[in-house]
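Take a moment to look over the fold before reading on. Follow the chain from start to end.

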Amino acid sequence: MKIAVFPGSFDPITLGHVDIVKRALPLFDKIIVAVGRNANKAYMFPEEQRIAWIKDTFKDEPKIEVGQYSGLTTRYCTEVGAQFILRGLRNPADFEFEKAIAQTNRKLKSDLDTVFLLTASGLSSISSSIVRDVIRNHGDYSQFVPAAVRVPS
């Protein structure tokens, strides 16, 4: 089986994330959307809520699982039998950042490849941090997130 892990904090999941996962479906037998725990990061939404949103967003897709982990992504990939890490690229700055991580991951686990997909042009400006800022300032964030996240505040 070709298994990919799509790691992130998904605080919250955005339409950009959904775009990457849906477009990657034909490439893999299974995609694990993995919510990573970072002790140094302050999250806006609790982990349980982020996981629930992801599960609801992909509830009709049997090739998608939701996981959670802490520590190295490479270690998690080994635990779940994944040969690939899936990442989305919105812009050149993303590429430089993600390239360094991918090269490090490859040194840590030589049989793990990172697959990059370019975010669709209409979604490339969306990021979780921008969505959080819109939410904090009581703006209409519904156009940036899947239906599961569009909850009344």
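We begin with the sheet, move on to the helices and end with a pocket.

Keep in mind that this model is predicted. Start with the strands. Strands of a sheet pair through backbone hydrogen bonds, either parallel or antiparallel. Here, 5 strands build an open sheet, and their pairing is parallel. Read across it and the order is E3-E2-E1-E4-E5. Strand E3 (64-70) and strand E5 (113-118) form the edges, and each of them pairs on one side only. The sheet is twisted in this sense: neighbouring strands are turned by 35° against each other on average, direction ignored.

Now look at one pair. Strand E2 covers residues 30-37 and runs parallel to E3, with 7 bridges joining the two. Within this pair, Ile-32 of E2 stands opposite Glu-65 in E3.

Next come the helices. Helix H2 (residues 47-57) lies across E2 and E3, and runs at about 165° to E2. Helix H4 (residues 92-108) also packs on the sheet, where it touches strand E4 (84-89) and E5. The direction of H4 makes about 170° with that of E4.

Finally, turn to the empty space. Rolling a probe the size of a water molecule over the atoms shows where such space is left. The largest pocket has a volume of about 1000 Å³. Which residues lie nearest its centre? They are Pro-7, Gly-8, Ser-9, Arg-87 and Glu-98, out of 38 that line the pocket. Several elements give two or more residues to this lining, among them strand E1 (3-8), helix H1 (15-24) and helix H5 (128-136). H4 gives the most, with 8 residues. By type, the lining divides into 14 nonpolar, 17 polar and 7 charged residues.

How values were computed:
Residues are numbered from 1 along each chain as its sequence is written. This is a predicted model: local features need pLDDT of at least 70, side-chain atom pairs count only at pLDDT 80 or more; totals for chains, interfaces and linings use all residues. Side-chain values use heavy atoms; hydrogens and water are left out. Two strands pair if DSSP finds at least two bridges between them. Helices (H or I, at least four residues) and strands (E, at least two) are DSSP runs, numbered from the N terminus. Axes are lines fitted to C-alpha atoms, for helices over the stretch in contact, and angles run from 0 to 180 degrees between N-to-C directions. Contact means heavy atoms within 4.5 Å. On a 1 Å grid over the protein atoms alone, a cavity is a set of points where a 1.4 Å probe fits but cannot get out, and a pocket is an open set with protein on both sides within 12 Å along at least five of seven lines; lining residues have an atom within 4 Å of a point. Grid points are joined across faces, edges and corners, and a volume is the space filled by probe spheres set on the points. Ala, Val, Leu, Ile, Met, Phe, Trp, Tyr, Cys and Pro count as nonpolar, Asp, Glu, Lys and Arg as charged, and the others, Gly among them, as polar.
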